[in-house]
Amino acid sequence: MTSPSAKPPSFKLAVGGAIWLGLTWLAYALFLVNTPLTLQSVQAGPITMARGAVMASTAMALLAMAAGLIKLALLKRRDASLVIAAIWSMGALSLAFSIFMLTRPLLDSAI
């Protein structure tokens with residue numbers, strides 16, 4: 001019996017970045033559900049602070065995902081690590097984009 005091959009650190013970096021991105025946006029959506037939507041909270045309150053933190057966290061997660069995927073592509077190994085990491089990354093990106101697009105009209109309509 002052969003043991004499964006160990007995943008390279010770049011795979012863990014790419015998947016970790018994808019998980020980080022997805023959890024960040026899920027936490028942001030949960031925060032918005034539990035925060036009263038007023039014009040003040042959207043323009044200069046807790047929602048503005050949370051939005052800035054989410055954007056900074058998104059930038060770091062995208063950097064980690066991109067670095068991991070590029071490193072996996074340059075390894076030239078013939079295993080499924082690159083495909084699995086790319087699927088995780090696409091899933092996280094689609095989740096983040098969906099939450100962004102669903103919450104944008106909600107925040108624009110704050111009174």
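Helices α1 and α4 are roughly parallel to each other, because their axes cross at roughly 20 degrees and angles under 35 degrees count as roughly parallel. This is a predicted model, so everything here describes a prediction. Helix α1 takes in residues 9-33, and its axis comes within 9 Å of that of α4. The crossing of the two is left-handed. Sorted by class, the residues in this contact are 21 nonpolar and 4 polar, with no charged ones.

**How α3 fits in**

Now for helix α3, which runs over residues 46-75. How does α3 lie relative to α4, which covers residues 81-108? The two pack at an angle of about 160 degrees, with their axes 11 Å apart. That makes α3 and α4 roughly antiparallel to each other, and α3 passes α4 in a left-handed crossing. On the α3 side, the contact is made by I47, R51, M55, L62, M65, L69, L72 and A73. On the α4 side, S81, L82, A85, A86, S89, L93, F100 and L107 take part. By class, that contact has 13 nonpolar, 2 polar and 1 charged residues.

What about α1 and α3? They pack at an angle of about 160 degrees, and their axes are 7 Å apart. That makes α1 roughly antiparallel to α3. Here too the crossing is left-handed. The contact of α1 with α3 has 24 nonpolar, 6 polar and 2 charged residues.

**Checking the helix lengths**

There's a simple check to make on each of these helices: take 1.5 Å a residue and see how the span compares with the distance between the end C-alpha atoms. Here is how it turns out.

| Helix | Residues in helix | Expected span | Distance between end C-alpha atoms |
|---|---|---|---|
| α1 | 25 residues | 36 Å | 36 Å |
| α3 | 30 residues | 44 Å | 43 Å |
| α4 | 28 residues | 40 Å | 41 Å |

For α1, the span agrees with what its 25 residues should give. The 43 Å of α3 agrees with its expected 44 Å, and the 41 Å of α4 agrees with its expected 40 Å.

**What's buried, and under what**

Which residues of α1 are buried? They are S10, F11, A14, V15, G17, A18, L21, G22, T24, W25, Y28 and L32. What covers them includes α3 and α4.

In α3, the buried residues are I47, A50, V54, S57, T58, A61, A64, M65, G68 and L72. These pack against α1, α4 and also α2, which spans 39-44. Just after α3 comes K76, whose phi is positive, near 60 degrees.

In α4, the buried set is S81, A85, S89, A92, A96, I99, T103 and L107. Those residues pack against α1, α2 and α3.

**Three residues of α1 up close**

Let's start with A18, which lies in helix α1. Is A18 buried or exposed? At 3% relative accessibility, A18 counts as buried. Leaving aside neighbours within four places in sequence, A18 is in contact with M65, W88, S89 and A92. Two of those names have come up already: M65 and S89 are part of the contact between α3 and α4. A18 and I47 are a different story, being 29 residues apart in sequence and 23 Å apart in space, C-alpha to C-alpha.

Next is T24, also found in helix α1. With a relative accessible area of 13%, T24 is buried, since the cut-off for buried is under 20%. Not counting residues up to four places away in sequence, T24 touches V54 and S57. Both V54 and S57 are among the buried residues of α3.

Finally, there's V33, which lies in helix α1 as well. V33 has 66% relative accessibility and so counts as exposed, the cut-off for that being over 50%. Where is V33 relative to T103? Along the chain they are 70 residues apart, yet their C-alpha atoms are separated by 9.9 Å. T103 itself is one of the buried residues of α4.

How values were computed: Residues numbered from 1 in each chain as written. Predicted model: local features only at pLDDT ≥ 70, side-chain atom pairs only at ≥ 80, totals over all residues. Heavy atoms only, no water. Axes fitted to C-alpha atoms, helices over the stretch in contact; angles between N-to-C directions. Helix = DSSP H or I, 4+ residues; strand = E, 2+ residues; numbered from the N terminus. Parallel < 35°, antiparallel > 145°, perpendicular 65-115°, else oblique. Left-handed = near helix turned anticlockwise from the far one by under 90°. Contact = heavy atoms within 4.5 Å. Nonpolar A, V, L, I, M, F, W, Y, C, P; charged D, E, K, R; others polar. Expected span 1.5 Å × (residues − 1). Buried < 20%, exposed > 50% of the residue type's maximum accessible area, 1.4 Å probe, protein only.
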